[in-house]
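Dear colleague,

I am handing over the structure below, and I would be glad if you looked through it slowly before reading my notes, which follow it.

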Amino acid sequence: MSHPLIGKLERHGPLSDEEKQVLREISSRTVVFGPREDIVPEGSTPDYSSLIVSGFATRHKHLLDGKRQITAFHIPGDFADLHSFLLKRIDDGVGALTACTVAKVAHSDLKEVTKKYPYLTRVLWQTTLIDAAVHRIWMTTLGQMEARERLMHLFLRDAGPLEHCGPDEGRQL
(Lines give C-alpha, C1' and ligand atoms only; values in the text may rest on other atoms or scores of the structure.)
Protein backbone atom coordinates (compact mmCIF):
# COMPACT_ATOMS: atom_id res chain seq x y z
CA MET A 1 0.00 0.00 0.00
CA SER A 2 1.38 3.42 -0.91
CA HIS A 3 1.94 6.00 1.79
CA PRO A 4 0.74 9.52 0.88
CA LEU A 5 3.60 11.36 2.63
CA ILE A 6 6.26 9.13 1.11
CA GLY A 7 4.76 9.69 -2.34
CA LYS A 8 4.72 13.44 -1.82
CA LEU A 9 8.28 13.63 -0.48
CA GLU A 10 9.67 11.40 -3.24
CA ARG A 11 8.59 13.99 -5.81
CA HIS A 12 11.58 15.98 -4.47
CA GLY A 13 13.99 13.04 -4.60
CA PRO A 14 14.29 9.40 -3.55
CA LEU A 15 14.08 8.37 0.10
CA SER A 16 16.09 5.52 1.55
CA ASP A 17 14.32 2.38 2.76
CA GLU A 18 15.21 3.41 6.31
CA GLU A 19 13.68 6.88 5.85
CA LYS A 20 10.51 5.34 4.41
CA GLN A 21 10.28 2.96 7.34
CA VAL A 22 10.66 5.71 9.92
CA LEU A 23 7.91 7.72 8.18
CA ARG A 24 5.60 4.71 8.28
CA GLU A 25 6.35 4.19 11.97
CA ILE A 26 5.84 7.78 13.12
CA SER A 27 2.59 8.09 11.17
CA SER A 28 1.03 4.80 12.25
CA ARG A 29 -1.33 6.29 14.90
CA THR A 30 -4.40 7.44 13.02
CA VAL A 31 -7.73 8.98 13.97
CA VAL A 32 -10.83 9.33 11.79
CA PHE A 33 -12.68 12.66 11.75
CA GLY A 34 -16.10 13.34 10.27
CA PRO A 35 -16.85 16.24 7.93
CA ARG A 36 -16.64 19.66 9.63
CA GLU A 37 -15.00 18.22 12.77
CA ASP A 38 -12.05 20.02 14.31
CA ILE A 39 -8.80 18.16 13.80
CA VAL A 40 -6.75 20.78 15.66
CA PRO A 41 -8.69 23.54 17.43
CA GLU A 42 -7.69 27.12 16.69
CA GLY A 43 -5.31 28.49 19.33
CA SER A 44 -4.42 25.07 20.75
CA THR A 45 -0.96 23.76 21.68
CA PRO A 46 -0.85 20.25 20.20
CA ASP A 47 1.99 17.86 20.98
CA TYR A 48 1.64 16.34 17.52
CA SER A 49 1.42 17.44 13.89
CA SER A 50 -1.49 16.31 11.70
CA LEU A 51 -0.72 14.35 8.54
CA ILE A 52 -3.70 13.97 6.23
CA VAL A 53 -3.80 10.29 5.21
CA SER A 54 -7.16 10.31 3.42
CA GLY A 55 -9.88 12.87 2.81
CA PHE A 56 -9.65 16.63 2.54
CA ALA A 57 -9.01 19.18 5.29
CA THR A 58 -8.79 22.95 5.67
CA ARG A 59 -6.79 25.41 7.71
CA HIS A 60 -8.94 28.26 8.89
CA LYS A 61 -9.33 31.22 11.22
CA HIS A 62 -12.49 32.33 12.96
CA LEU A 63 -13.36 35.98 12.43
CA LEU A 64 -14.84 38.40 14.97
CA ASP A 65 -18.28 38.13 13.35
CA GLY A 66 -18.26 34.34 13.92
CA LYS A 67 -17.56 33.42 10.32
CA ARG A 68 -14.72 31.12 9.35
CA GLN A 69 -12.12 32.06 6.71
CA ILE A 70 -10.46 29.10 5.00
CA THR A 71 -6.78 29.85 4.48
CA ALA A 72 -5.60 26.54 2.98
CA PHE A 73 -6.82 23.20 1.69
CA HIS A 74 -4.97 19.97 2.52
CA ILE A 75 -4.97 16.68 0.65
CA PRO A 76 -3.50 13.26 1.49
CA GLY A 77 0.24 13.53 2.08
CA ASP A 78 0.02 17.06 3.52
CA PHE A 79 1.07 17.96 7.03
CA ALA A 80 -1.66 20.48 7.86
CA ASP A 81 0.25 21.93 10.80
CA LEU A 82 3.90 20.88 10.72
CA HIS A 83 4.69 24.41 11.89
CA SER A 84 3.19 23.53 15.31
CA PHE A 85 6.31 21.41 15.91
CA LEU A 86 8.32 24.61 16.36
CA LEU A 87 5.68 27.24 17.14
CA LYS A 88 3.84 25.15 19.75
CA ARG A 89 0.64 27.30 19.92
CA ILE A 90 -1.07 27.58 16.57
CA ASP A 91 -3.07 30.68 15.72
CA ASP A 92 -5.37 28.93 13.24
CA GLY A 93 -7.28 25.67 13.24
CA VAL A 94 -7.42 22.54 11.11
CA GLY A 95 -10.76 20.99 10.24
CA ALA A 96 -12.06 18.08 8.21
CA LEU A 97 -13.80 19.13 5.00
CA THR A 98 -14.76 15.51 4.25
CA ALA A 99 -14.29 12.37 6.33
CA CYS A 100 -10.55 12.34 7.08
CA THR A 101 -8.07 9.86 8.37
CA VAL A 102 -5.30 11.77 10.13
CA ALA A 103 -1.99 10.49 11.47
CA LYS A 104 -1.08 12.28 14.68
CA VAL A 105 2.71 12.45 14.44
CA ALA A 106 4.14 13.14 17.88
CA HIS A 107 6.46 16.13 18.12
CA SER A 108 8.83 13.93 20.12
CA ASP A 109 9.06 11.62 17.07
CA LEU A 110 9.65 14.59 14.76
CA LYS A 111 12.43 15.75 17.10
CA GLU A 112 14.14 12.35 16.72
CA VAL A 113 13.74 12.49 12.94
CA THR A 114 15.43 15.91 12.84
CA LYS A 115 18.34 14.53 14.88
CA LYS A 116 18.90 11.32 12.91
CA TYR A 117 17.77 12.04 9.32
CA PRO A 118 19.11 15.31 7.90
CA TYR A 119 17.85 14.70 4.34
CA LEU A 120 14.37 13.83 5.58
CA THR A 121 14.40 16.97 7.74
CA ARG A 122 15.33 19.14 4.73
CA VAL A 123 12.64 17.67 2.50
CA LEU A 124 9.96 18.05 5.20
CA TRP A 125 10.87 21.71 5.64
CA GLN A 126 11.03 22.16 1.88
CA THR A 127 7.39 21.05 1.63
CA THR A 128 6.49 23.47 4.42
CA LEU A 129 8.20 26.33 2.59
CA ILE A 130 6.43 25.41 -0.64
CA ASP A 131 3.10 25.39 1.24
CA ALA A 132 3.93 28.86 2.60
CA ALA A 133 4.75 30.15 -0.88
CA VAL A 134 1.46 28.79 -2.26
CA HIS A 135 -0.33 30.41 0.67
CA ARG A 136 1.25 33.81 -0.09
CA ILE A 137 0.27 33.56 -3.74
CA TRP A 138 -3.25 32.52 -2.79
CA MET A 139 -3.64 35.38 -0.32
CA THR A 140 -2.24 37.89 -2.81
CA THR A 141 -4.55 36.85 -5.64
CA LEU A 142 -7.63 35.96 -3.62
CA GLY A 143 -8.92 39.50 -3.35
CA GLN A 144 -8.34 40.09 -7.05
CA MET A 145 -10.54 37.24 -8.31
CA GLU A 146 -14.25 36.62 -8.63
CA ALA A 147 -15.70 33.50 -6.97
CA ARG A 148 -15.60 31.44 -10.19
CA GLU A 149 -11.96 32.39 -10.76
CA ARG A 150 -11.05 31.42 -7.18
CA LEU A 151 -12.60 27.97 -7.70
CA MET A 152 -10.69 27.45 -10.94
CA HIS A 153 -7.47 28.53 -9.21
CA LEU A 154 -8.11 25.98 -6.47
CA PHE A 155 -8.80 23.15 -8.93
CA LEU A 156 -5.78 23.96 -11.09
CA ARG A 157 -3.47 24.33 -8.09
CA ASP A 158 -4.48 20.92 -6.74
CA ALA A 159 -4.74 19.10 -10.10
CA GLY A 160 -1.18 17.70 -9.91
CA PRO A 161 -1.18 16.61 -6.26
CA LEU A 162 -4.66 15.10 -6.56
CA GLU A 163 -3.36 12.65 -9.16
CA HIS A 164 -1.38 11.01 -6.34
CA CYS A 165 -4.35 10.64 -3.95
CA GLY A 166 -5.73 7.41 -5.36
CA PRO A 167 -8.77 6.61 -7.46
CA ASP A 168 -11.46 7.29 -4.84
CA GLU A 169 -10.07 10.40 -3.10
CA GLY A 170 -11.39 12.96 -5.58
CA ARG A 171 -14.92 11.59 -5.32
CA GLN A 172 -15.30 12.73 -1.70
CA LEU A 173 -15.74 16.38 -2.69
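Let me begin with a question: is Ala-106 buried or exposed? Please keep in mind, as you look, that this is a predicted model.

Ala-106 belongs to strand E7, and its relative accessible area is 17%; because buried means under 20%, Ala-106 counts as buried. Leaving aside residues up to four places away in sequence, Ala-106 touches Arg-29, Asp-47 and Tyr-48. It may also help to look at Ser-27, since Ala-106 and Ser-27 are 79 residues apart in sequence, while their C-alpha atoms are 8.5 Å apart in space.

The sheets

Strands of a sheet pair through backbone hydrogen bonds, and they do so either parallel or antiparallel. Strand E7 takes part in an open sheet of 3 strands, whose order is E1-E7-E3 and whose pairing is antiparallel. Strand E1 (30-33) and strand E3 (48-54) each have a single partner strand and stand at the edges, so one side of each is left without a neighbour in the sheet. On average, and with direction ignored, neighbouring strands of this sheet are turned by 35° against each other. E3 and strand E7 (residues 100-106) run antiparallel and are joined by 6 bridges, and if you would like to find one of these pairs, Ser-54 has Thr-101 in E7 as its bridge partner. Across E3 and E7 lies helix H4 (residues 107-116), which runs at about 60° to E7.

There is also an open sheet of 4 strands, in the order E2-E6-E4-E5, again with antiparallel pairing. Its edge strands are strand E2 (38-40) and strand E5 (68-74), each of which pairs on one side only, and the twist from one strand to the next averages 35°. Within this sheet, strand E4 (residues 57-62) pairs with E5 in the antiparallel sense over 6 bridges, and Ala-57 stands opposite His-74 in E5.

The nonpolar cores

The largest nonpolar core has 19 residues, and those with the most contacts inside it are Leu-9, Leu-23 and Leu-120. The elements that give two or more residues to this core are helix H1 (4-9), helix H2 (17-26), E7, H4 and helix H5 (118-142). When residues up to four places away in sequence are not counted, Leu-9 touches Leu-15, Leu-23, Leu-120, Val-123, Leu-124 and Thr-127. A second core, separate from this one, has 12 residues, among them Val-40, Tyr-48, Ala-96 and Cys-100.

With best wishes

Note on methods: Residues are numbered from 1 along each chain as its sequence is written. This is a predicted model: local features need pLDDT of at least 70, side-chain atom pairs count only at pLDDT 80 or more; totals for chains, interfaces and linings use all residues. Side-chain values use heavy atoms; hydrogens and water are left out. Two strands pair if DSSP finds at least two bridges between them. Axes are lines fitted to C-alpha atoms, for helices over the stretch in contact, and angles run from 0 to 180 degrees between N-to-C directions. Contact means heavy atoms within 4.5 Å. A nonpolar core is a set of buried Ala, Val, Leu, Ile, Met, Phe, Trp, Tyr and Cys residues joined through side-chain atoms within 4.5 Å. Buried means under 20% relative accessible area, exposed over 50%, partly exposed in between (1.4 Å probe, protein chains only).
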